[in-house]
Amino acid sequence: MKKTVESSNLDQVKVFLRKSMLTDHVVFDQEIKIDLNNIVLGTETRVTAQLSTGLKDQDYIFARVGVKASSSEEYTYTPVQKIILK
């Protein structure tokens, strides 16, 4: 993650998981909130979390990261990734 607007700060970083490809901050099966203290801009951040009961038995799920800046009302998203579980 790279800061592109100097006057803005991170407000929220979340991982959204879902059984189907269409997922965002409104439509998700599981939301993982990332502690902003663990994020250093320009470096890799790893997240470990337990899958919810409704997701852990799936063959695969979809995930994307949403980032919201303090100067914005909207999230910016990564592309959706398919994660094979079995």
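**Entry 1. Strands and their pairing**

I begin with a term: two strands count as paired if DSSP finds at least two bridges between them. The model I am reading is a predicted one.

I looked first at strand S3 (60–69). S3 and strand S4 (residues 75–77) pair in the antiparallel sense, over 3 bridges. In this pairing I found Lys68 opposite Tyr75 of S4. I also noted the connection: a hairpin of 5 residues leads from S3 to S4.

I then asked with what sense and over how many bridges S3 and S5 pair. The sense is antiparallel and the bridges number 4. Within S5, I located Ile83 opposite Ile61.

S3 also pairs with S1, again antiparallel, and here I recorded 8 bridges. Val13 has Val67 in S3 as its bridge partner. From S1 I went on to S2: these two strands run antiparallel and are joined by 4 bridges. The partner of Phe16 in S2 is Glu31.

**Entry 2. The two faces of S2**

I followed the side chains along S2 and found that they alternate. Gln30 and Ile32 point to one face and are buried. Glu31 and Lys33 point to the other face and are not buried.

**Entry 3. The nonpolar core**

I looked up which residues make the largest nonpolar core. It has 9 residues: Val13, Val15, Leu17, Ile32, Ile34, Ile39, Leu55, Ile61 and Ala63. The elements that contribute two or more residues to this core are S1 and S3. S1 provides the largest share, with 3 residues. I set a general remark beside this: in soluble globular proteins, nonpolar side chains tend to be buried together.

**Entry 4. Aromatic rings**

I recorded 5 aromatic pairs in the structure. One of them joins Phe16 and Phe28, whose ring centres lie 5.7 Å apart with 45 degrees between the planes, a tilted arrangement. The pair links distant parts of the chain, since Phe16 belongs to strand S1 and Phe28 to the loop between S1 and S2, 12 residues apart.

Is Phe16 buried or exposed? Phe16 has a relative accessibility of 0%, so it counts as buried. For Phe28 I read 30%, which is partly exposed because buried requires a value under 20% and exposed one over 50%.

I noted further that ring pairs link Phe16, Phe28, Tyr75 and Tyr77 into a cluster. Elsewhere, I found the charged end of Lys82 over the ring of Tyr60, at 4.1 Å from the ring centre.

**Entry 5. Thr23**

I placed Thr23 in the loop between strand S1 (10–18) and strand S2 (30–33). Its relative accessible area is 4%, so Thr23 is buried. The side chain of Thr23 reaches the backbone oxygen of Val27 at 3.0 Å. Setting aside residues up to four places away in sequence, I listed what Thr23 touches: Phe16, Leu17, Arg18, Phe28 and Arg64. Both rings of the tilted pair, Phe16 and Phe28, are thus among the contacts of Thr23.

**Entry 6. Lys68**

I returned to Lys68, which lies in strand S3. Is this lysine, Lys68, buried or exposed? Lys68 counts as buried, because its relative accessibility is 12% and the cut-off for buried is under 20%. Its side chain comes to 3.1 Å from the backbone oxygen of Ser72. Not counting residues up to four places away in sequence, Lys68 touches Asn9, Leu10, Asp11, Gln12, Glu73, Glu74 and Tyr75. Tyr75 in this list is the residue that stands opposite Lys68 in S4.

**Entry 7. Lys86**

I found Lys86 in the segment after strand S5 (81–84). Lys86 is exposed, with a relative accessible area of 61%. Leaving aside neighbours within four places in sequence, I noted its contacts with Asp57, Gln58 and Asp59. A polar atom of the Lys86 side chain lies 3.0 Å from the backbone oxygen of Asp57. I also looked up the C-alpha separation of Lys86 and Lys56: it is 9.7 Å, for residues 30 places apart along the chain.

**Entry 8. Thr48**

My last entry concerns Thr48, in the loop between S2 and helix H1 (53–56). I read a relative accessibility of 80%, so Thr48 counts as exposed. The C-alpha atoms of Thr48 and Ile32 are separated by 9.5 Å, and the two residues are 16 apart along the chain.

Methods: Residues are numbered from 1 along each chain as its sequence is written. This is a predicted model: local features need pLDDT of at least 70, side-chain atom pairs count only at pLDDT 80 or more; totals for chains, interfaces and linings use all residues. Side-chain values use heavy atoms; hydrogens and water are left out. Buried means under 20% relative accessible area, exposed over 50%, partly exposed in between (1.4 Å probe, protein chains only). A polar contact is a pair of N or O atoms within 3.5 Å; within protein, one must be able to donate a hydrogen and the other to accept it, and residues adjacent in sequence count only if both atoms are side-chain atoms. Contact means heavy atoms within 4.5 Å. Rings of Phe, Tyr and Trp (its six-membered ring) pair if their centres lie within 6.5 Å; planes under 30 degrees apart count as stacked, over 60 as edge-to-face and the rest as tilted. A charge sits over a ring if NZ of Lys or CZ of Arg is within 6 Å of the ring centre and within 35 degrees of the ring normal. A nonpolar core is a set of buried Ala, Val, Leu, Ile, Met, Phe, Trp, Tyr and Cys residues joined through side-chain atoms within 4.5 Å.
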